[in-house]
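Notebook open, coffee poured. I want to see how the pieces of one chain sit against each other.

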Amino acid sequence: MKSAPPDPHHSDESPGVPGFRAWRGVYLFVFVVFVAVVVALALFSRYFA
Amino acid sequence: MNTLDWLILLGTMLGIAAYGAWRTRDVHSLNTYLKGNRSTGWGTIGISVMATQASAITFLSIPGQGFESGIGFVQNYFGLPLALIIVCAVFLPIYRRLGVYTAYEYLGRRFDSKTRLLSAGLFLVQRGLATGVTIYAPAIILSAALGWRLDLTIIGTGLLVIIYTVVGGSAAVNLTQKWQMAVIFGGMVTAFIVLLVKLPDGLGFGGAAHVAGALGKLEAVDFSFNPDRRYTFWTGMLGGTFLMLSYFGTDQSQVQRYLGGAALREGRLGLMFNALLKIPMQFFILLLGALVFVFYQFQEPPVFFNQTEWRQHEQGAEGARFRALDEKFNAAFTENQSKIRAWLAARETHEAAAESAARAAMAKSQQRVQAVRAEAKAALVADDPHAKTKDSDYVFITFILDYLPHGAIGLLVAVMIAAALGSKAGELNALATTTTIDLWRHFRPLAVHDEARNIRVAKWFTVFWGMFAIGFALYAGFAENLIEAINILGSIFYGVVLGIFLVAFFLKRVGGTAVFWAAVTAQLLVFALFFSLKISYLWYNLIGCAACVLVSLIIQLLMTLKTSAKEIGRR
């Protein structure tokens, strides 16, 4: 037993998240949410300044 | 703290530890012991990643940071989503495909055993020392604020985490972290609600946010290129991405959290969960600190929040000076409060000139309050050059103890201890795994097939690292700023380790010998610069990584040229 058995599900399988066929879509969604959060924080700062 | 607080504190902490140990008492598989159950879902992995990163200091110091400097610290986390996307797309699939227990095991396969041992050794030194700080940092603050004995606080929390981490390994760490995070979220939301209720009548969240904003505490995003500013959008995006990539991609305490689970999907979704939630969570904790700042504009705070330290000086030979400072602060506070109320009244009139004049008067009176606080800190140093003058870590715990109802106090102290246990458990688990897999099994290759013996050894290494952390916390002196101490330790080693991994992933022609000597050279360079230059420690991440990558390319080129020359000579 040199190490744990290799993962049989290592391929770039579907994320299994409704609305997303590939992981690229999930990454893009996360990035877009990040941009939206930064914009929201900037607006929050400006509103309460 | 009264009996109810103690019941809640001990009930939650001991209950979670006992539950974790009992549920995972029958772990007989090395894979489950080191990686957790194969059935672990993405939610558990995501919470476990979050709990390992969020130590007690996150919940003690960050509200204090919001109180003192505002919420701009949130920009420090701007690099996190991008870093986690890179980890999901590049690092994690490779780790899963090879079925490794540790990130350094991958380096052994990609390069050679000496590179694997070097990177595992760098991790053990850095994380072993940082674990001592992880247990010491909350203990010193809680013992000062609650009057507990520091040594007993360190030993008590240290032993508790050792017991359940030894019994159930990674499975117990995942399970307990889930419940500890539930206590943490419950406690922080409770503190937020109590804080809103205790604000002056009619102020509400909107009014409090306007006061905080007018006094410069709500500048969340700074797009300026001013190098004097510590936290800007650009430092967060450039430095932050780099730091988070090192931490999440190569630090075994994080890698171990997302290697478990039935499939690659679970780890990826767990990391994406963090990419989405981490910035809002840090924003919430910082906002809590900014609102505590507003609260203390209407309720008089102590002039210095580490009251144990202040009282010692007040009762000493120079006591009269400190009592006079108390009175001076009281007068400045009263004037400041009236100016804030005048500004709030001026806002209601919707007259721009009156509002602007009231705002200027408020800012001036706030400066006077800050000047008295600075004078108090200078007086502490004048009385004792070794006095600890950083009191922002004590702001939130002072608020909890002075203003939260009984029951909620016990819950919030449980939040701090749960966070300390959660992060320390993850670290101990990673230290034991790396020592077992990358060191012990390397020198005992015949024992590799004896699974029961491997688990026994991993348990003993967990005990060893736990006792090491307790001993380090008990006998070592630390820097005044504890978060900085952890970051400095990380920055000295992270850069070189990330450099090794970047070479492994992206420079396929570079071999083990080249990267090994490059890493040694880069680490020596970082040590030399650290002891001779006075630059920000964050730069050592970049220097270490860049030096490792560049030197490995140069050495590989020289080796290739030498081999080519030999082949030509033979012909």
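Below are my entries on the domains and on one helix pair.

**Entry 1, domains.** I am working from a predicted model. I looked up how chain B is split and got three domains: domain 1 (3-25 + 35-101 + 134-296 + 399-428), domain 2 (307-387) and domain 3 (476-571). The C-alpha centres of domain 1 and domain 3 of chain B are 30 Å apart.

**Entry 2, where domain 1 touches domain 3.** I pulled the contacts between these two in chain B: 12 residues of domain 1 meet 11 residues of domain 3. Which helices supply at least two residues each to the domain 1 side? In chain B I found α4 (56-69), α7 (113-146) and α10 (233-250). The top contributor is α10(B), with 7 residues on that side. I also sorted the domain 1 side by class and got 7 nonpolar, 5 polar and no charged residues.

**Entry 3, α1 against α8.** Next I checked two helices of chain B, α1 (residues 3-23) and α8 (residues 150-198). They pack at about 125 degrees, and their axes lie 7 Å apart. That angle makes α1(B) oblique to α8(B). I noted the crossing of α1(B) and α8(B) as right-handed.

**Entry 4, who meets whom.** From α1(B), the contact residues include B:T12, B:M13, B:I16, B:G20 and B:R23. On the α8(B) side, I listed B:L160, B:Y164, B:G168, B:W179 and B:V183 among them. How do the residues of the contact of α1(B) with α8(B) divide by class? I got 12 nonpolar, 5 polar and 1 charged.

How values were computed: Residues numbered from 1 in each chain as written. Chains lettered and ligands numbered in written order. Predicted model: local features only at pLDDT ≥ 70, side-chain atom pairs only at ≥ 80, totals over all residues. Domains from an automatic or database assignment. Contact = placed C-beta atoms within 7 Å. Helix = DSSP H or I, 4+ residues; strand = E, 2+ residues; numbered from the N terminus. Nonpolar A, V, L, I, M, F, W, Y, C, P; charged D, E, K, R; others polar. Axes fitted to C-alpha atoms, helices over the stretch in contact; angles between N-to-C directions. Parallel < 35°, antiparallel > 145°, perpendicular 65-115°, else oblique. Left-handed = near helix turned anticlockwise from the far one by under 90°.
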